[in-house]
Amino acid sequence: MKKLLWLDDVRNPFVFADWLLQWAPEYYYEKDNGTHEVVWVKDYDGFLDWIQENGLPTEIGFDHDLGRTLSGMDCAKWLVDYCIHYNKEIPQFFVQSANPVGKKNITTLLNNAIKHI
């Protein structure tokens with residue numbers, strides 16, 4: 001089963017279907033047949049906890065600004081360290097953040113990690 005880990009403190013992927021249609025349409029269309037699952041986490045701790053308990057998902061959707069907690073960039077940095085430590089590949093990802101600088105920073109970090117891990 002393909003799993004999308006949706007990191008966002010505001011955008012609920014289950015209520016606002018447009019978010020999934022825009023960023024991960026295969027998860028919207030395939031969720032009902034049981035081949036795709038979306039897991040929503042809202043902050044840094046939820047992100048770490050989910051990966052540590054379940055392993056890496058197939059894909060991750062990053063938001064940058066996570067309210068008052070650590071940012072999506074902090075999650076991306078942790079993910080890179082996790083993948084290096086456990087000799088894993090960076091999962092597929094996209095960044096649905098409305099913050100253009102944060103989006104670029106996360107994308108650049110993860111693309112560089114993919115090239116060098």
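Rings of Phe, Tyr and Trp (its six-membered ring) count as a pair if their centres lie within 6.5 Å; such a pair is stacked if the planes are under 30 degrees apart, edge-to-face if they are over 60 degrees apart, and tilted otherwise. By this rule, the structure holds six aromatic pairs. One of them joins Tyr82 and Tyr86 in a tilted arrangement, with 4.8 Å from centre to centre and 45° between the planes.

This report concerns a predicted model, in which local features need pLDDT of at least 70 and side-chain atom pairs count only at pLDDT 80 or more, while totals for chains, interfaces and linings use all residues. Residues are numbered from 1 along each chain as its sequence is written, and side-chain values use heavy atoms, with hydrogens and water left out.

**The aromatic cluster**

Ring pairs connect Phe47, Phe62, Trp78, Tyr82 and Tyr86 into a cluster. The exposure of a residue is judged by its relative accessible area: buried means under 20%, exposed means over 50%, and partly exposed lies in between (1.4 Å probe, protein chains only). Tyr82, at 14%, is therefore buried, and Tyr86, at 46%, is partly exposed.

**Helix H4 and its surroundings**

Helices (H or I, at least four residues) and strands (E, at least two) are DSSP runs, numbered from the N terminus. Helix H4 covers residues 72-85, which makes 14 residues. The expected span of a helix is 1.5 Å times one less than its number of residues. H4 reaches 20 Å from its first C-alpha to its last, close to the 20 Å expected.

At the N-terminal end of H4, Ser71 acts as a cap, with a side-chain oxygen 3.2 Å from the backbone nitrogen of Met73. Just after the helix, Asn87 takes a positive phi of about 55°. The buried residues of H4 include Met73, Trp78, Leu79 and Tyr82. Contact means heavy atoms within 4.5 Å. The buried residues of H4 pack against strand S1 (2-7), helix H3 (44-54), strand S3 and helix H5 (100-116).

**Charged side chains**

Side chains of opposite charge can pair when their charged atoms come close. A salt bridge is a side-chain nitrogen of Lys or Arg within 4 Å of a carboxyl oxygen of Asp or Glu. A search of the whole structure finds three salt bridges, listed below.

| Acidic residue | Basic residue | N to O distance |
|---|---|---|
| Glu37 | Lys3 | 3.6 Å |
| Asp8 | Arg11 | 2.8 Å |
| Asp63 | Arg11 | 3.4 Å |

Asp63 lies in the loop between S3 and H4 and Arg11 in the loop between S1 and helix H1 (17-23), so their salt bridge ties together parts that are 52 residues apart in sequence. Asp8, Arg11 and Asp63 are linked in a network of salt bridges. Both Asp8 and Arg11 are buried, and Asp63 is buried as well.

Glu37 forms its salt bridge with Lys3. Glu37 belongs to strand S2 (residues 36-41) and Lys3 to strand S1, so this pair ties together parts that are 34 residues apart in sequence. Glu37 is partly exposed at 30% relative accessibility, and Lys3 is partly exposed at 27%.

Glu59, in strand S3 (residues 59-62), presents another case. Lys and Arg count as positive and Asp and Glu as negative, whereas His and the chain ends are not counted. Glu59 is buried yet has no salt bridge, and the nearest side chain of opposite charge, Lys2, is 7.3 Å away. Beyond its neighbours within four places in sequence, Glu59 is in contact with residues including Lys3, Leu5, Tyr27 and Phe93.

**Val41 and Ile114**

Val41 is found in strand S2 and Ile114 in helix H5. The two residues are 73 residues apart along the chain, and their C-alpha atoms are separated by 23 Å. Val41 is buried, at 8% relative accessibility, whereas Ile114 is partly exposed, at 43%.

With neighbours within four places in sequence left aside, Val41 is in contact with Leu5, Trp6, Leu7, Asp8, Gly46, Phe47 and Trp50. On the same basis, Ile114 is in contact with Ile90 and Phe93. Ile114 also stands ten residues from Lys104 in sequence, and the two are 15 Å apart in space, C-alpha to C-alpha.

Technical notes. A polar contact is a pair of N or O atoms within 3.5 Å; within protein, one must be able to donate a hydrogen and the other to accept it, and residues adjacent in sequence count only if both atoms are side-chain atoms.
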